[in-house]
Amino acid sequence: GIHRAYVYGEENSVCGEIPIAKIEVTKNICINDVAEFCAKTLSPNKIPHRIMIVDNLQKNESGKIKRVQ
């Protein structure tokens, strides 16, 4: 499943800003399943346009996920 997730806005010339997701997983998962879940549970403007699986989301000194990655 998904261990941690980080969603941020990326500038877009058409929409202004689009959501992008980086996820850290505990086992193999299908990106399409994650996208499908997002489409079912989130408002259309909050559905990530791109979902990336990363090995490790960097954290700051206090253990929070770093905002700029």
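## A walk through the sheet, the helix and the pocket

Of the 69 residues in this chain, 19% count as buried. Keep in mind as you click around that the model is predicted. Start with the whole chain in view: the C-alpha atoms fill a box of roughly 35 × 25 × 15 Å along the principal axes. Switch to cartoon and you get one helix and three strands, arranged β-β-α-β from the N terminus on. If you like contact maps, here is a number to go with yours: among contacts between residues at least 6 apart in sequence, 48% join residues at least 24 apart.

**Stop 1: the sheet.** Select 2-12, 16-25 and 50-54, which are E1, E2 and E3. In what order do the three strands sit in the sheet? The order is E1-E2-E3, in an open sheet with mixed pairing. E1 and E3 are the edge strands, each pairing on one side only. Look along the sheet and you can see the twist, which averages 25 degrees from one strand to the next.

**Stop 2: the hairpin.** Now hide E3 and keep E1 and E2. A hairpin of three residues takes you from E1 to E2, and these strands pair in the antiparallel sense over ten bridges. As a reminder, strands of a sheet pair through backbone hydrogen bonds, either parallel or antiparallel. Two pairs make handy landmarks. Pick Tyr8 and look across to E2, where its bridge partner is Ile20. Then pick Glu10, which stands opposite Ile18 in E2. While the side chains are on, recall that in a regular strand they alternate between the two faces of the sheet.

**Stop 3: the helix.** Bring E3 back and select 31-41, which is H1. The helix lies across E1, E2 and E3, and runs at about 130 degrees to E3.

**Stop 4: the cysteines.** Show Cys30 and Cys38 as sticks. How many disulfides does a search of the whole structure find? Zero. Put a distance label between the sulfurs to see why: the sulfur of Cys30 is 12 Å from that of Cys38, its closest cysteine sulfur, and that is too far for a bond. The cut-off for a disulfide is 2.5 Å between the sulfur atoms. Are these residues buried or exposed? Cys30 counts as partly exposed because its relative accessibility is 34%, which falls between the 20% and 50% limits. Cys38 is buried, with a relative accessible area of 12%.

**Stop 5: the largest pocket.** Stay with Cys38 and turn on a surface. Which residues lie closest to the centre of the largest pocket? Cys38 is one of them, together with Val7, Ala21, Leu42 and Pro48, out of 13 lining residues. The space inside comes to about 150 Å³. Colour the lining by element and you will find that E1, E2 and H1 each give two or more residues. H1 provides the largest share, with four residues.

**Stop 6: past the last strand.** Finally, follow the chain into the segment after E3 and select Lys64. Why does Lys64 count as exposed? Its relative accessibility is 58%, and the limit for exposed is over 50%. To see its surroundings, add Gln58 and Lys59: Lys64 touches both, leaving aside residues up to four places away in sequence.

Terms used
Residues numbered from 1 in each chain as written. Predicted model: local features only at pLDDT ≥ 70, side-chain atom pairs only at ≥ 80, totals over all residues. Heavy atoms only, no water. Pairing = 2+ DSSP bridges. Axes fitted to C-alpha atoms, helices over the stretch in contact; angles between N-to-C directions. Contact = heavy atoms within 4.5 Å. Buried < 20%, exposed > 50% of the residue type's maximum accessible area, 1.4 Å probe, protein only. 1 Å grid on protein atoms, 1.4 Å probe; cavity = no way out; pocket = protein on both sides within 12 Å on 5 of 7 lines; lining within 4 Å. Points joined across faces, edges and corners; volume = space filled by probe spheres on them.
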